[in-house]
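Biologist: I would like to learn how to read charged pairs and nonpolar patches in a model of this kind. Could we go through them one by one?

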Amino acid sequence: ALKLYVSALGGGGLSISSTFMGDMKTHAEEFDNAYKEFVEGVKGKKVPKALSAAEGMESALLAWREAGKPVGLTNDDWGVGEIPDCKRGVPGAGTGK
């Protein structure tokens, strides 16, 4: 699903590319590889392998999200829920926090 999302961002094969999409694709592949190891660990009842793979999945997913994060959005929720301050001409007016 992560690779599919990156492909959709790239226009579904329309030769649209950027650095962040390449980074996202790399992290998506890392996630997929860790997921395969996780499945093997669970099927083989190898708890340490499954736990290690789950940690790999977590770090790859967080890196994937960070790579796709728009520039300037630094808080955890990327500004979702912020209410803009509609005062014009008032110094310091902008977004309400």
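Biologist: Which side chains meet K3 or K49 in a salt bridge?

Modeller: Side chains of opposite charge can pair when their charged atoms come close. In this predicted model, the side chain of K3 meets that of D32 in a salt bridge, with 3.5 Å from N to O. K3 belongs to helix α1 (residues 2–9) and D32 to helix α2 (residues 19–43), so this pair ties together parts that are 29 residues apart in sequence. The other pair joins K49 and E40, whose side chains meet at 2.9 Å, N to O, and the structure holds two salt bridges.

Biologist: Are K3 and D32 buried, partly exposed or exposed?

Modeller: K3 has a relative accessibility of 39% and therefore counts as partly exposed, while D32, with a relative accessible area of 24%, is partly exposed as well. Buried would mean under 20%.

Biologist: And how exposed are K49 and E40?

Modeller: K49 is partly exposed at a relative accessible area of 30%, and E40 is also partly exposed, with a value of 47%.

Biologist: Turning to the nonpolar side chains, which residues make a surface patch?

Modeller: Y5, L9 and F20 make a nonpolar surface patch of about 270 Å². Of these, F20 has its place in helix α2, and its relative accessible area of 35% makes F20 partly exposed. A residue needs over 30% relative accessible area to be part of a patch, so F20, at 35%, passes that cut-off.

Terms used. Residues numbered from 1 in each chain as written. Predicted model: local features only at pLDDT ≥ 70, side-chain atom pairs only at ≥ 80, totals over all residues. Heavy atoms only, no water. Salt bridge = Lys/Arg side-chain N within 4 Å of Asp/Glu carboxyl O. Helix = DSSP H or I, 4+ residues; strand = E, 2+ residues; numbered from the N terminus. Buried < 20%, exposed > 50% of the residue type's maximum accessible area, 1.4 Å probe, protein only. Patch = residues over 30% accessible without salt bridge, like charges linked within 9 Å, V, L, I, M, F, W, Y side chains within 5 Å. Areas by Shrake-Rupley, 256 points an atom, 1.4 Å probe, with all protein chains shown as cover.
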